[in-house]
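Me: I should like to work through this structure by question and answer. Please let each reply reason its way to the value or name requested.

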Amino acid sequence: MTTAARLVAALCLAFLAFVGSRYIMTRVMPETTAFGGFLWLNLLLGLTAGWRVLGTRVGRGMANGISAGITATAMLVLWGILAQAIYEMFRLAMRHRYDGPAEAFVAIFDLALDFGAHLLDGGFIGLMVLGAVLSGALAELAARNWR
C-alpha cells in the first residue's frame, strides 16, 4: 500500500544513494575509473530499499525509525556492492576472462570483497550513518504526521 512514509523513505534513501555514489566517484575511486550506470543503478537501489525496507518498518516510534533507517542503509550498501560485482563479472565474462560459469560465479564474491574494501573510508561510513539516522527520522515523522 502506498503511504507517505514509504514515499519519504524511498526519496530519502535515493538521495542518500546519490550522495554516497558521488562521494565514491570523487573521493574514493581513482579518477580514471569508468563508472557507466553506477549512479543510476544505485539510485534505483536506494528507491527500492527505501520503499521496501525502511518504508514498511516506520510508525512504531522514533528509536525504531532510526534503527530501521540504519538497517535500510546497510541493505542499500550490501545490495549496491553485490549489484556492482555482478555487473563487473558479466563485463569481464563477455571478454572471456573466466574459464567457466563456476569461476565466474566465484568471481562475484571476490569482486564484492574488493569493492567493499574500497568503502572502508571514514568519510563514506560517516556519511552513510548520518544519512541513515536522518532518513529513519524523516520517514518516522512522515508516518506520524501523514496517515
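Me: Is T73 buried or exposed in this predicted model?
Reply: The model is predicted, and T73 has a relative accessible area of 3%. Buried means under 20% relative accessible area. Because 3% falls under that cut-off, T73 is classed as buried.

Me: Which residues is T73 in contact with, leaving aside its neighbours within four places in sequence?
Reply: T73 has its place in helix α3. Once the neighbours within four places in sequence are left aside, the contacts of T73 are L13, L16, M128 and A132.

Me: Which helix gives the most residues to the largest nonpolar core?
Reply: The largest nonpolar core has 36 residues, and L13, I24 and F124 are among those with the most contacts inside it. Two or more residues of this core come from each of α1, α2, α3, α4 and α5. With 9 residues, the element that gives the most is α1.

Me: Which residues does I24 touch, neighbours within four places in sequence being left aside?
Reply: I24 is listed with those that have the most contacts inside the largest nonpolar core. Apart from its neighbours within four places in sequence, I24 is in contact with M29, F38, L119 and F124.

Me: How far apart are the closest N and O atoms in the salt bridge of R91 with E88?
Reply: The whole structure holds 1 salt bridge. R91 and E88 both belong to helix α3, 3 residues apart, or about one turn of the helix. R91 is partly exposed at 31% relative accessible area, whereas E88 counts as buried at 17%. The closest N and O atoms of R91 and E88 are separated by 2.7 Å.

Key: Residues are numbered from 1 along each chain as its sequence is written. This is a predicted model: local features need pLDDT of at least 70, side-chain atom pairs count only at pLDDT 80 or more; totals for chains, interfaces and linings use all residues. Side-chain values use heavy atoms; hydrogens and water are left out. A nonpolar core is a set of buried Ala, Val, Leu, Ile, Met, Phe, Trp, Tyr and Cys residues joined through side-chain atoms within 4.5 Å. Buried means under 20% relative accessible area, exposed over 50%, partly exposed in between (1.4 Å probe, protein chains only). Helices (H or I, at least four residues) and strands (E, at least two) are DSSP runs, numbered from the N terminus. Contact means heavy atoms within 4.5 Å. A salt bridge is a side-chain nitrogen of Lys or Arg within 4 Å of a carboxyl oxygen of Asp or Glu.
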